[in-house]
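Here is a short tour for anyone who likes to see the numbers beside the picture. Have a look at the fold first, and then read on.

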Amino acid sequence: MRTAHWSRRIVALVGVLALVGSCRTDQESITDVPRLTPFVAGGTSTTVVLAPSADTRLNLDAVNYSTDALLTLYTWPDAKVANAILMKFDLSSIPAGATVSSATLSLYQNGADATADPTYTATVHRIINKNPNLALATGQTYDGVNGWTPNACCSGGVPLAQADISTPVASLSLNKTNGIKQWGVTSLIQGWLNTPSTNFGLLVNSDPSKLADHWRYFASSEDPTPSQRPSLSVTYSTAVSDPGTVTDLSVVSTTNNSATIRFTEVDDGTGQPAKYNVRFAVAPISWGSATDVSQGTCATPVAGSAIGAVRTCTVLGLAASTTYQFQLVAFRGTLNVDAVFGGLSNVAQGTTASGSGGGSWPNEPPGLTPIEETGWEDGTLGSWELIHPETGCAEKFITVEGITDSPINESKALQIFYPQCHIGGGGTEAWYGLATPRNELFVGYYVQVNAAWQGHNSAINKMIYLYDGNPNFSAMWYEMFGAGSESLGLYVVNQSGGSPPGFHENVTPVDFTRGQWHKVEIYQKQGTPNNGIVRVWVDGVLAIDRSDVVTRNVPLNGVTISGIWGGVGDVKAQADYMRFDHMHISGR
């Protein structure tokens, strides 16, 4: 029956990459012919192959087909479109200002009607007027609720997006040989790059010149064979120039052995973010004799993230009570191989704090090697990896957020957000793995919970843990302790060696006042059978001093910002957060 064909076949269209060197009887028209070897003088030529961010088909019904493995074109009744393919592509990986020399949409044809008619014409159109949600779009609506523009295109008055498309940008006469079929869509992609707000996706249309029950079927992005899924190949060029020059380098903070610098990222001359060679010297600096940064997140080369982004990174391994100057240069390519450089930045200056006690971390034991220093000032998690995600109300969310109340004049903090309905006991954590495990670790950070923070009914409100690498999990947990609206003290849970299993302050009581920032300094030394050390200072005051802690006789290999609420069970009656402003790790 007719319905069994066209009602089953309408899927979103996705572009396929590879150009196949074979004899073809398909005939392409309009203006966009794929080019196998594009060349653009005076620029760099790059080809990217994109899978659709979404695809679906439209049918003469109110059903969404975005999870179907077929994309279909179908004519029914005579001279009327019955199916259409919709696709969207994310072009954000292509630099702004790029010139497209070739863009090819590829679909794998895997079926054709059995009529004597040898060809079927499929046209590609730009979607206009409506920005469809392909996970919800149907022949009737573009988002599951709101209708396409009414028109008389199709059987039963179904609009099928036919009044919300441009004139054809590409046309292909399809034969009946299965395989990859390609449309040149260069002008379409260039238009989207020129005006990204117009990228509502594309539509591949059925042939309205045919009699009923003429059709072609294609593999969708849901097809089990990856090589048959749709794709879009885009070859583009960008003008080549020297990388930009950083002009706003500054020192934003120092400790006794580190400096955190800030600058605005620049173009590498090809429309991509530049890389950076950062150097330092005891003032005054001379670039030729200055030292490449080799410790900390400013270690050369520093990879770029986004042009115009405000970037911070930290230089470790500095001497105390010393005035340093810093300078950097943007480049592309590979240092000492083919690097192309911009101009030298301005010079930034800062003086490290005095003493061996860590400047901002006065209780840091002398002689420890700096490992990590971050305030997440570039807006990213940097070297911190998100682990153990959950779903629904079991999840909590870790992001870098702007703050205005930093105790150390920083602008960002790592935030753990607990939605109302959050169930205690799990959710995403942020993990920092040590390249070299250490028997001793010092960890310093600033922490804050919101003013109305709801303590877990077990009184356990975890902050961080130090992990010793046991695949069955063993770690030392550092926690705020208090249920409901009770005051929040300090508690350490020993899941490493087990003795003592948990302990509170034994020197000075702690009150983590809600809504205020508190400085936490932790020194932990592994020891067995009973000579491990745990010392914790809060706001500069020693709270816990234990030298009888049993741990596993193995070094520590990571620090995790956990924020687990609980305990298990209990439910957040409100949205809460826990924030970390700066994190300092050292060890030996």
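What follows goes from the whole chain to one sheet and then to a single glycine.

## The whole protein

Please keep in mind that this is a predicted model. Strands dominate the count of elements here: the protein has 37 strands and 2 helices. Its C-alpha trace spans about 90 × 60 × 40 Å along the principal axes. Of the 588 residues, 53% are buried.

If you work with contact maps, here is a useful figure: among contacts with a separation of 6 or more, 75% link residues that are 24 or more positions apart. At the surface, the protein exposes about 22800 Å², and 52% of that area comes from carbon and sulfur atoms. As for charge, there are 33 positive and 48 negative charges, and the mean positions of the two sets are 6 Å apart.

## A seven-stranded sheet

One part of the fold to pick out is an open sheet of 7 strands with antiparallel pairing, in the order β22-β26-β35-β28-β29-β30-β31. Its edges are β22 (385-387) and β31 (502-504), each of which pairs on one side only. From one strand to the next, the twist averages 30 degrees. As a general reminder, strands of a sheet pair through backbone hydrogen bonds, in either a parallel or an antiparallel way.

## Strand β29 and its neighbours

Within this sheet, β29 (residues 475-481) pairs with β28 (residues 460-467) in the antiparallel sense, over 7 bridges. Two residue pairs help to set the register: Y467 stands opposite A475 of β29, and K462 has E479 in β29 as its bridge partner.

On its other pairing, β29 is joined to β30 (residues 489-494) by 6 bridges, and these two strands also run antiparallel. Here M476 has N494 in β30 as its bridge partner. Is β29 mostly covered or mostly open? It is mostly covered, as 6 of its 7 residues are buried.

## A closer look at G532

Our last stop is G532, a residue of strand β33 (residues 532-538). Why does G532 count as buried? Its relative accessibility is 0%, and the cut-off for buried is under 20%.

Which residues surround it in the contact list? Leaving aside neighbours within four places in sequence, G532 is in contact with K525, Q526 and G527, and also with R546, S547, D548 and V549. For a distance to check in your viewer, try G532 and N553: they are 21 residues apart along the chain, and their C-alpha atoms are separated by 9.4 Å.

Technical notes: Residues numbered from 1 in each chain as written. Predicted model: local features only at pLDDT ≥ 70, side-chain atom pairs only at ≥ 80, totals over all residues. Heavy atoms only, no water. Helix = DSSP H or I, 4+ residues; strand = E, 2+ residues; numbered from the N terminus. Buried < 20%, exposed > 50% of the residue type's maximum accessible area, 1.4 Å probe, protein only. Contact = heavy atoms within 4.5 Å. Areas by Shrake-Rupley, 256 points an atom, 1.4 Å probe, with all protein chains shown as cover. Lys, Arg positive; Asp, Glu negative; His and termini not counted. Charge placed at Lys NZ, Arg CZ, Asp CG, Glu CD. Pairing = 2+ DSSP bridges. Axes fitted to C-alpha atoms, helices over the stretch in contact; angles between N-to-C directions.
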